[in-house]
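Please read the following account alongside the sequence and the model. It moves from strand pairing to single residues and then to the chain as a whole.

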Amino acid sequence: QVQLVESGGGLVQPGGSLKLSCKASGPIRRLNAMGWYRQNPGAQRELVASITSGGITNYADSVKGRFTISRDNAKNTVYLQMNVLKPEDTAVYLCNLRGSTSWTGTADYWGQGTQVTVSS
């Protein structure tokens, strides 16, 4: 049973900042990457940022220079620092873990999501 627990969402004014966190637990044997996705009603889920087990990061063009993904391996936690937030960033943000509870195969595990609302 892999569990991802997200926190840090909320209401913030344009130009403000938020930091999301996602703590993973469970019998993960192989971890390929962790990341953050976001989704609005009726829209496709999109990748915001990801970080591989080797520390390689990837960002959506819309957030480059504003968002930073990081990890704390000792705490099994991944973070998303969001700066200079815009109304367009409003969405449900979901934590993702790609890995496996066995030594072969790969699966995606998801958190329940945390709401980020950017509005004046």
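In this predicted model, strands β9 and β10 (residues 107-110) pair in the antiparallel sense, with four bridges between them. Within this pairing, Arg98 stands opposite Asp108 of β10. The two strands form a hairpin, and six residues lie between them. One of the turn residues, Gly105, has a positive phi of about 80 degrees.

Strand β9 also pairs with other strands. Strand β4 (residues 30-39) is joined to β9 by nine bridges, and these two strands run antiparallel. One of the positions in this pairing is Gln39, whose bridge partner in β9 is Val92. Strand β11 (residues 114-118) is joined to β9 by three bridges, again with the strands antiparallel. Here Ala91 has Val116 of β11 as its bridge partner.

How far is β9 enclosed by the rest of the structure? The strand spans residues 91-100, and eight of these 10 residues are buried, so β9 is largely enclosed by the rest of the structure. A residue counts as buried when its relative accessible area is under 20%.

One of the residues of β9 takes part in a disulfide. A search of the whole structure finds one such bond, formed by Cys22 and Cys95, with the sulfur atoms 2.1 Å apart. The pair links distant parts of the chain, since Cys22 belongs to strand β3 (residues 18-25) and Cys95 to strand β9, 73 residues apart. Both Cys22 and Cys95 are buried. Is the disulfide left-handed or right-handed? The torsion about the S-S bond of Cys22 and Cys95 is about -85 degrees, so the disulfide is left-handed.

Thr114 offers a view of the surroundings of β11, the strand in which it is placed. Its relative accessibility is 12%, so Thr114 counts as buried. A polar atom of the Thr114 side chain lies 3.3 Å from the backbone nitrogen of Gly9. Once neighbours within four places in sequence are left aside, Thr114 is in contact with Glu6, Gly9 and Leu20, and also with Ala91, Val92 and Tyr93. Of these contacts, Ala91 was met above as the bridge partner of Val116, and Val92 as the bridge partner of Gln39.

The loop between β8 (77-82) and β9 holds Asp89. Although placed in a loop, Asp89 has a relative accessible area of 2% and is therefore buried. Which residues does Asp89 touch, not counting those up to four places away in sequence? They are Arg38, Arg66, Phe67, Val84, Val116 and Val118. Among them, Val116 is the residue that bridges to Ala91, and Val84 lies in the loop between β8 and β9.

Val84 also deserves a look for its backbone. Its phi is positive, at about 50 degrees, although Val84 is not a glycine. Most residues other than glycine have a negative phi. With a relative accessible area of 47%, Val84 is partly exposed. Asn76 is another non-glycine residue with a positive phi, near 55 degrees. The place of Asn76 is the loop between β7 (67-72) and β8. At 44% relative accessibility, Asn76 counts as partly exposed.

Turning to the chain as a whole, what secondary structure elements does it contain? There are 11 strands and zero helices, so the order of elements from the N terminus is β-β-β-β-β-β-β-β-β-β-β. The C-alpha atoms fill a box of roughly 45 × 25 × 25 Å along the principal axes. Why does the radius of gyration agree with that of a compact globule? A compact globule with 120 residues would have a radius of gyration near 14 Å, and the chain has 14 Å, so the two agree.

Burial and contacts can also be stated for the whole chain. Of its 120 residues, 37% count as buried. Among contacts with a separation of 6 or more, 54% are between residues 24 or more positions apart. The accessible surface of the chain comes to about 6,600 Å², and carbon and sulfur atoms account for 47% of that area.

Definitions and conventions. Residues are numbered from 1 along each chain as its sequence is written. This is a predicted model: local features need pLDDT of at least 70, side-chain atom pairs count only at pLDDT 80 or more; totals for chains, interfaces and linings use all residues. Side-chain values use heavy atoms; hydrogens and water are left out. Buried means under 20% relative accessible area, exposed over 50%, partly exposed in between (1.4 Å probe, protein chains only). Two strands pair if DSSP finds at least two bridges between them. A polar contact is a pair of N or O atoms within 3.5 Å; within protein, one must be able to donate a hydrogen and the other to accept it, and residues adjacent in sequence count only if both atoms are side-chain atoms. Contact means heavy atoms within 4.5 Å. The radius of gyration is taken over C-alpha atoms; the globule rule is 2.2 Å times the number of residues to the power 0.38. Accessible areas come from the Shrake-Rupley method with a 1.4 Å probe; for residues, only the protein chains shown count as cover. A disulfide is a pair of cysteine sulfur atoms within 2.5 Å.
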